[in-house]
Amino acid sequence: MERVVIDDLSSSSALDVDRRGLSGPLDTSDVAINHYRIPPGDGFPSGLHTHVDQEEIFVVLDGTATFETLPASDGADAHAEPSRTGREIPVDAGEAVRFAPGEYQSGSNRGETDLVAVAIGAPRESTDIRIPVGCPECDGADLGLNTGGDALSFVCPDCGAERVPAPCPECGGGAMTLTLDDENAVVSACEDCGAEFDAPPYRD
Ligand SMILES: [Zn+2]
Ligand SMILES: [Zn+2]
């Protein structure tokens with residue numbers, strides 16, 4: 001048996017978000033588990049993404065999480081309507097939500113009090129992470145995240161095409177994220193100036 005006092009752990013996030021990993025202290029074998037405290041206006045540290053090789057569960061303990069979700073890509077028809085249309089789901093304290101492998105999600109705190117939640121992923125390790133953006137070369141599969149190189153890049157799992165994301169073309173800021181617009185379509189949005197684009201800007 002392993003036991004941990006969450007208040008005794010230190011945050012593993014460099015952002016304002018308080019993220020405390022429990023997998024290590026509890027020495028879990030099959031699940032990843034993290035405790036979050038997220039101030040109003042912040043979110044779980046990722047835009048719209050999915051783990052093709054992992055299911056994710058969020059248990060909301062305090063406040064309200066608002067999740068943007070998008071169905072899993074279904075291959076050739078992935079970019080046809082309405083499969084690229086997402087929706088928003090509020091998850092209140094006392095509620096939990098589960099995202100299947102391949103289902104896109106991004107959670108944030110749009111309330112006025114801190115959001116406290118526990119995130120659970122299984123299996124513990126995930127290496128196949130995708131973004132809801134089709135490959136610009138073969139117009140096929142959703143691009144995968146490659147975090148192994150010097151810089152983050154997107155790699156097509158079908159044809160191998162690689163793209164390196166560029167800063168915001170409007171303001172030069174580096175914080176581009178994938179989110180839903182007012183019509184619940186996927187857009188690449190700048191966290192600094194709010195500019196929105198149909199696809200992420202890429203470096204040449
Ligand atoms: Zn491709
Ligand atoms: Zn910008």
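The following questions and answers concern the predicted model shown above. In this predicted model, local features need pLDDT of at least 70 and side-chain atom pairs count only at pLDDT 80 or more, whereas totals for chains, interfaces and linings use all residues. Residues are numbered from 1 along each chain as its sequence is written, and chains are lettered from A and ligands numbered from 1 in the order in which they are written.

Reader: What radius of gyration does the protein have, and why does it agree with a compact globule?
Author: The radius is taken over C-alpha atoms, and the globule rule is 2.2 Å times the number of residues to the power 0.38. Because the protein has 204 residues, a compact globule would have a radius near 17 Å, and the value for the protein agrees: 17 Å.

Reader: How many strands are there in the protein?
Author: Helices (H or I, at least four residues) and strands (E, at least two) are DSSP runs, numbered from the N terminus. Beside one helix, the protein has strands numbering 16.

Reader: In strand 12, which residue is the bridge partner of L145?
Author: Two strands pair if DSSP finds at least two bridges between them. Strand 11 (residues 142-146) is joined to strand 12 (residues 153-155) by three bridges, and the two run antiparallel. A hairpin of six residues connects them. The partner of L145 in strand 12 is F154.

Reader: From which domains does the largest nonpolar core draw at least three residues each?
Author: A nonpolar core is a set of buried Ala, Val, Leu, Ile, Met, Phe, Trp, Tyr and Cys residues joined through C-beta atoms within 7 Å; a residue is buried if 20 or more other C-beta atoms, placed from the backbone, lie within 10 Å of its own, exposed if 12 or fewer, and partly exposed in between. The largest has 12 residues, including L48, F154 and L180. Strand 10 (129-134) and strand 14 (176-180) each supply at least two of them. Under an automatic or database assignment of bounds, the core draws at least three residues from each of domain 1 (6-122) and domain 2 (129-197).

Reader: How many polar residues has the side of domain 1 that touches domain 2?
Author: The centres of the two domains, taken over C-alpha atoms, are separated by 19 Å. Their contact (C-beta atoms, placed from the backbone, within 7 Å) takes 17 residues from domain 1 and 14 residues from domain 2. Ala, Val, Leu, Ile, Met, Phe, Trp, Tyr, Cys and Pro count as nonpolar, Asp, Glu, Lys and Arg as charged, and the others, Gly among them, as polar. On the domain 1 side, five residues are nonpolar, three are charged and the polar ones number nine.

Notes:
Two residues are in contact if their C-beta atoms, placed from the backbone, lie within 7 Å.
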